[in-house]
Amino acid sequence: MAKILPFRAVRPTRDKVGLVATRAYQFYDQVGRDHRMAQNPFSFLHIINPGYKFQKEITGKQRFELVRNRYQEFKDDGVFVKEEQPAFYVYRIVDREKNTFCGIVASASVEDYEKDIIKKHEDTLEDRETLFTEYLDTVGFNAEAVLLTYKNSDEIESILNNAMSDRAEYEFTTTYRDTHYLWPVTDTATIEKLQHAFASMDSLYIADGHHRSSSSALLSKKHIKDQESYHSFMSFLIPESELLIYEFNRLIKDLNGLSKEAFLIALDSKFRIENRGTTPYKPSKKHHFNMYLDGEYYSLYLRHSLRTFDTPLDRLDTHILYETVLKPILGIIDLRNDDRIVYVDGRRDISSLTDRIDSKEYAVSFGMLPVTINELKEIADAGLKMPPKSTYIEPKLRSGVTIYEF
């Protein structure tokens with residue numbers, strides 16, 4: 001039984017929400033952040049990048065304390081208000097390609113996370129967990145929801161459609177041409193219907209936000225005797241059919257001391273290789289890979305003799321690439337920390353890869369088909385973990401639209 005709870009979100013006033021809402025901090029470079037902050041005094045970036053006020057890079061505990069201070073100032077100035085009663089929030093996004101995402105912002109249970117009712121498919125790093133736990137404990141709020149997905153439900157869809165028949169509390173379009181809508185749901189009967197619908201589900205799956213959820217679990221342990229808010233975390237729950245999953249391409253700095261010819265010979269024992277020349281190639285089947293090397297495209301087909309798989313992880317293309325190429329041939333063991341590898345999400349044009357190879361910044365790139373939702377669920381159900389950067393998943397919520405306070 002999955003448990004979701006309404007909560008009293010802190011959120012911008014209707015007239016300010018479009019000015020407050022931002023993408024996550026890491027999506028901006030410094031120039032972009034500084035420009036937005038200089039032009040917009042209401043941007044949530046002023047809260048999460050408090051050093052801008054002092055024209056100084058501030059890190060660690062001092063930064064966390066300043067984040068808390070800036071957040072309090074936004075509340076004092078009336079930019080943020082707190083919901084009068086607990087609510088679920090129906091959230092809808094229509095992106096520039098007209099993809100639609102609709103789900104519920106709610107509080108999810110740390111107990112469900114620890115009991116594996118909320119299932120994981122990705123490993124986390126202990127130092128990042130510890131840092132984010134300290135951040136949450138110091139600032140006293142969380143502004144980025146964990147993206148959870150669930151099996152499509154006609155009952156939940158009907159409830160959401162009914163909620164969206166009223167005028168949205170928020171409707172704003174970003175400079176990236178995504179339009180966002182939000183409807184608070186405070187009606188007790190509707191809240192109970194949604195809770196009952198989710199209680200009938202055996203599992204929820206983390207699509208994005210493994211570090212946020214694991215840090216929330218650590219925070220819960222630290223405040224084990226404190227109020228309920230410490231034992232839940234803000235989540236955005238959407239049906240699995242609405243997830244968009246992209247691949248991550250791999251860029252490698254060098255060939256591990258091999259010549260081009262020796263590298264291709266090493267690959268030949270694992271793959272049937274076709275030189276595609278200068279014609280861009282993207283795979284159309286699982287266990288097929290594309291490679292760009294020395295100005296030319298190649299298709300790599302995993303040899304059938306190697307297609308004996310014991311677990312869902314063995315069948316995963318990111319794992320296959322690691323076990324057949326990255327580790328044994330290119331000597332990349334630690335996929336998270338080796339600076340010889342970088343990851344580029346599959347939304348980017350292929351030229352974003354080839355230009356970096358042609359400029360000699362990197363030596364070779366690899367691409368593959370995206371992971372499917374069924375692969376993600378199979379791996380989570382088996383208690384296995386994907387290699388890092390196996391999925392780039394949308395939607396991405398804006399920070400500062402709904403804030404979860406402890």
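Let me start with two helices. Helix α6, residues 126-139, packs against helix α9, residues 210-222, at an angle of about 60°, with the axes 8 Å apart. That makes α6 oblique to α9. Oblique is what remains after under 35 degrees, roughly parallel, over 145, roughly antiparallel, and 65 to 115, roughly perpendicular.

Some ground rules. This is a predicted model, where local features need pLDDT of at least 70 and side-chain atom pairs count only at pLDDT 80 or more, while totals for chains, interfaces and linings use all residues. Residues are numbered from 1 along each chain as its sequence is written, and side-chain values use heavy atoms, leaving out hydrogens and water.

Helices (H or I, at least four residues) and strands (E, at least two) are DSSP runs, numbered from the N terminus. Axes are lines fitted to C-alpha atoms, for helices over the stretch in contact, and angles run from 0 to 180 degrees between N-to-C directions.

Back to the pair. α6 passes α9 in a right-handed crossing, meaning the near helix is turned clockwise from the far one by less than a right angle; anticlockwise would be left-handed. On the α6 side, the contact has Arg128, Glu129, Phe132, Thr133, Leu136 and Asp137. Facing them in α9 are residues including His211, Arg212, Leu218, Leu219 and Lys222. Contact here means heavy atoms within 4.5 Å. By class, that is 4 nonpolar, 5 polar and 5 charged residues. Nonpolar covers Ala, Val, Leu, Ile, Met, Phe, Trp, Tyr, Cys and Pro; charged covers Asp, Glu, Lys and Arg; the others, Gly among them, are polar.

α6 has another partner. Helix α4, residues 60-76, comes within 8 Å of α6, axis to axis, and the two cross at roughly 40°. This crossing is right-handed. α4 brings Lys61, Arg63, Phe64, Glu65, Val67 and Arg68; α6 brings Leu131, Glu134, Tyr135, Thr138 and Val139. The split is 5 nonpolar, 1 polar and 5 charged.

Next pair: α7, residues 154-163, and α8, residues 188-199. They pack at about 155°, axes 10 Å apart. That makes α7 roughly antiparallel to α8. The crossing of α7 past α8 is left-handed. Glu155, Ile156 and Ile159 of α7 meet Thr190, Lys193, Leu194, Ala197 and Phe198 of α8. Here the classes are 5 nonpolar, 1 polar and 2 charged.

Now empty space. On a 1 Å grid over the protein atoms alone, a cavity is a set of points where a 1.4 Å probe fits but cannot get out; a pocket is an open set with protein on both sides within 12 Å along at least five of seven lines; lining residues have an atom within 4 Å of a point. Points join across faces, edges and corners, and volume is the space filled by probe spheres set on them.

The second largest pocket has about 290 Å³. Among its 16 lining residues, Gly18, Ala21, Arg36, Asn40 and Thr175 are closest to the centre. α2 gives the most to this lining, with 3 residues. The lining has 5 nonpolar, 9 polar and 2 charged residues.

How many cavities of 30 Å³ or more does the search find? Just 1. The largest cavity has a volume of about 50 Å³. Its lining includes Tyr91, Glu144, Met234 and Arg398.

Last, the backbone. Glu394 and Pro395 are joined by a cis peptide bond, omega about 20°. Pro395 sits in the loop between β20 and β21. Arg177 has a positive phi, near 70°, and is not a glycine. Arg177 lies in the loop between β9 and β10.
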